[in-house]
Amino acid sequence: MISNATANAVGSKETPGGGRSNPELVSNGDFSNGLTGWTVVPAVREKSGDVTIGPGRPTASISQSILTIGKTYNVVVGVVGLPPRGTATVNDSKGAILGNLTSVGSNSFQFLNKTGADIYIQSNIGAVFVINSVSVKEV
């Protein structure tokens, strides 16, 4: 007889404390396969796992269609370099800013998706910035 067992959903993994971690939704979030799996708006370059976004006229971005309306998500973006001017943001399908990329290192935030399937990592107002990872998981 088995007692006190925890069953995990398919695609999740056990975390310390007996909980489970939801699966990664981003395909190629470490850019190990270049920009494969990403929709790219011009002014985006990848080199050795670092992705430079910008300068766009007026924007440059990468995106994936991975979200479901009504679900809450955790987003983590690894930033290598930030712009001296302009902004670096994560946006939804309608262009609303979900989070600002404000520091070198790990930038994380949570949001409730209200608009559509797409999530964008975007350069605004001529900004140029560099990232090396993107993670999105449902809460």
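**Why these words? A strand-built chain, step by step**

Trainee: Leaving aside neighbours within four places in sequence, which residues is Ser-135 in contact with?

Mentor: Ser-135 is in contact with Glu-24, Val-26, Asn-74, Val-75 and Val-76. Keep in mind that this is a predicted model.

Trainee: What makes them contacts?

Mentor: Contact asks for heavy atoms within 4.5 Å. The five residues I named for Ser-135, Glu-24 among them, are in contact with it, so each of them has heavy atoms within that cut-off.

Trainee: Why is the link between the side chains of Ser-135 and Glu-24 called a polar contact?

Mentor: The two side chains are joined at 2.6 Å. The term needs a pair of N or O atoms within 3.5 Å, one able to donate a hydrogen and the other to accept it. The 2.6 Å pair is therefore inside the limit.

Trainee: Where is Ser-135 found?

Mentor: In strand β12. That strand spans residues 129-138, and it pairs with strand β5 (residues 50-53) in the antiparallel sense.

Trainee: How do you know that β5 and β12 pair?

Mentor: Count the bridges: there are three between them. Pairing takes at least two, so these strands qualify. One bridge sets Ile-53 opposite Phe-129 in β12.

Trainee: What order do the strands of the sheet with β12 have?

Mentor: The order is β4-β5-β12-β7-β10, an open sheet of five strands with antiparallel pairing. Its edge strands are β4 (44-47) and β10 (105-112), each pairing on one side only. From one strand to the next, the twist averages 35°.

Trainee: And what is the order in the open sheet that includes β3?

Mentor: That sheet runs β3-β6-β11-β8-β9, five strands with antiparallel pairing. The edges are β3 (39-41) and β9 (97-100), since each pairs on one side only. Neighbouring strands here are turned by 20° against each other on average, direction ignored. β3 and β6 (residues 59-65) share three bridges, and Thr-39 stands opposite Ser-63 in β6.

Trainee: How many helices and strands does the chain have?

Mentor: Zero helices and 12 strands.

Trainee: Why is Asp-30 called partly exposed?

Mentor: Its relative accessible area is 45%. Buried means under 20% and exposed means over 50%, so 45% falls in between. Asp-30 is in the loop between β2 (20-21) and β3.

Trainee: Which residues does Asp-30 contact, beyond neighbours within four places in sequence?

Mentor: Gly-49 and Asn-132. The C-alpha atoms of Asp-30 and Asn-132 are separated by 6.2 Å, although the two residues are 102 apart along the chain. There's also a polar contact of 2.9 Å between the side chains of Asp-30 and Ser-32, and that too is within 3.5 Å.

Trainee: Which residues touch the most other members of the largest nonpolar core?

Mentor: Ile-53, Val-77, Ile-121, Ile-131, Val-134 and Val-136, out of 26 residues. β5, β6, β7 (72-81), β8 (87-92), β10, β11 (118-124) and β12 each supply at least two residues of this core.

Trainee: What makes Val-134 a member of a nonpolar core?

Mentor: Such a core is made of buried residues of certain kinds, Val among them, joined through side-chain atoms within 4.5 Å. Val-134 belongs to the core, so it must be buried, under 20% relative accessible area. Its contacts beyond four places in sequence include Phe-31, Trp-38, Val-77 and Ile-121. In soluble globular proteins, nonpolar side chains tend to be buried together.

Notes
Residues numbered from 1 in each chain as written. Predicted model: local features only at pLDDT ≥ 70, side-chain atom pairs only at ≥ 80, totals over all residues. Heavy atoms only, no water. Helix = DSSP H or I, 4+ residues; strand = E, 2+ residues; numbered from the N terminus. Axes fitted to C-alpha atoms, helices over the stretch in contact; angles between N-to-C directions. Buried < 20%, exposed > 50% of the residue type's maximum accessible area, 1.4 Å probe, protein only.
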